[in-house]
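Student: I should like to work through this structure with you, step by step. Shall we begin with the overall fold and then turn to individual residues?

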Amino acid sequence: MKLLKHISLVGIAVGVLSSFTIAETNVYICKGKYSKKYHYNKSCRGLSNCSTDIYKVSLEEARDLQRTLCGWED
Ligand SMILES: [Zn+2]
């Protein structure tokens, strides 16, 4: 029964890894002077008047930059 134990450990490891993948959400930010928001949707109206390129960053990174969720989205 040693083999069975091993298989279930691998199953746990795979489960942990895949939950990490899900946790990494990407968001879009504008780096304009007055941009303080992040967006889930790249074609969001809050990004439509962005004066710089739109950057794709992780949600964690956006929060590190003191960004808050765009008012057009929930
Ligand atoms: Zn938005």
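Student: In what pattern do the helices and strands follow one another along the protein chain?

Tutor: This is a predicted model, and its protein chain has 2 helices and 4 strands. Read along the sequence, these elements follow the pattern α-β-β-β-α-β.

Student: Which element of the protein chain has the lowest mean pLDDT?

Tutor: The protein chain averages a pLDDT of 86, and 76% of the residues score at least 70. Where pLDDT is low, the predicted coordinates should not be read in detail. Among the elements, β1 has the highest mean, 98, while the lowest mean, 65, belongs to α1.

Student: Which element contributes the largest share of the largest nonpolar core?

Tutor: In soluble globular proteins, nonpolar side chains tend to be buried together. Here the largest nonpolar core has 8 residues: V27, Y28, I29, C30, Y38, L47, A62 and C70. The largest share of this core, 4 residues, comes from β1.

Student: How many of the residues of β1 are buried?

Tutor: Over the whole protein chain of 74 residues, buried residues make up 15%. The strand β1, residues 26-30, is mostly covered. Of its 5 residues, the number buried is 4.

Student: Which residue in β3 stands opposite Y28?

Tutor: The strands β1 and β3 run antiparallel and are joined by 5 bridges. Strand β3 comprises residues 54-58. Opposite Y28 in that strand stands K56.

Student: With which residues is I29 in contact, leaving aside its neighbours within four places in sequence?

Tutor: I29 is one of the residues of the largest nonpolar core, as are Y38 and A62. Both Y38 and A62 are also among the contacts of I29. The full list for I29 is S35, Y38, Y55, V57, A62 and R67.

Student: Is T25 buried or exposed?

Tutor: T25 lies in the loop between α1 and β1. Not counting residues up to four places away in sequence, T25 touches S58 and L59; its C-alpha atom is 8.5 Å from that of V57, 32 residues away in sequence. Because T25 has 11 other C-beta atoms within 10 Å, and a residue with 12 or fewer falls in that class, T25 is exposed.

Student: What distance separates the C-alpha atoms of E24 and E60?

Tutor: E24 also lies in the loop between α1 and β1, and E24 counts as exposed because it has 9 C-beta neighbours inside 10 Å. E24 and E60 are 36 residues apart along the chain. Their C-alpha atoms are separated by 8.1 Å.

Student: What is the phi of Q66?

Tutor: Most residues other than glycine have a negative phi. Q66 lies in the loop between α2 (59-64) and β4 (68-69), and Q66 counts as exposed because it has 7 C-beta neighbours inside 10 Å. Although Q66 is not a glycine, its phi is positive, at about 65°.

Student: How is R67 classed, given its 19 C-beta neighbours inside 10 Å?

Tutor: R67 is placed in the loop between α2 and β4. Leaving aside its neighbours within four places in sequence, R67 is in contact with I29, K36, K37, Y38 and A62. A residue needs 20 or more such neighbours to be buried and 12 or fewer to be exposed; R67 has 19, so it counts as partly exposed.

Note on methods:
Residues are numbered from 1 along each chain as its sequence is written. This is a predicted model: local features need pLDDT of at least 70, side-chain atom pairs count only at pLDDT 80 or more; totals for chains, interfaces and linings use all residues. A nonpolar core is a set of buried Ala, Val, Leu, Ile, Met, Phe, Trp, Tyr and Cys residues joined through C-beta atoms within 7 Å. Two residues are in contact if their C-beta atoms, placed from the backbone, lie within 7 Å. pLDDT is the predictor's confidence in each residue, from 0 to 100. Two strands pair if DSSP finds at least two bridges between them.
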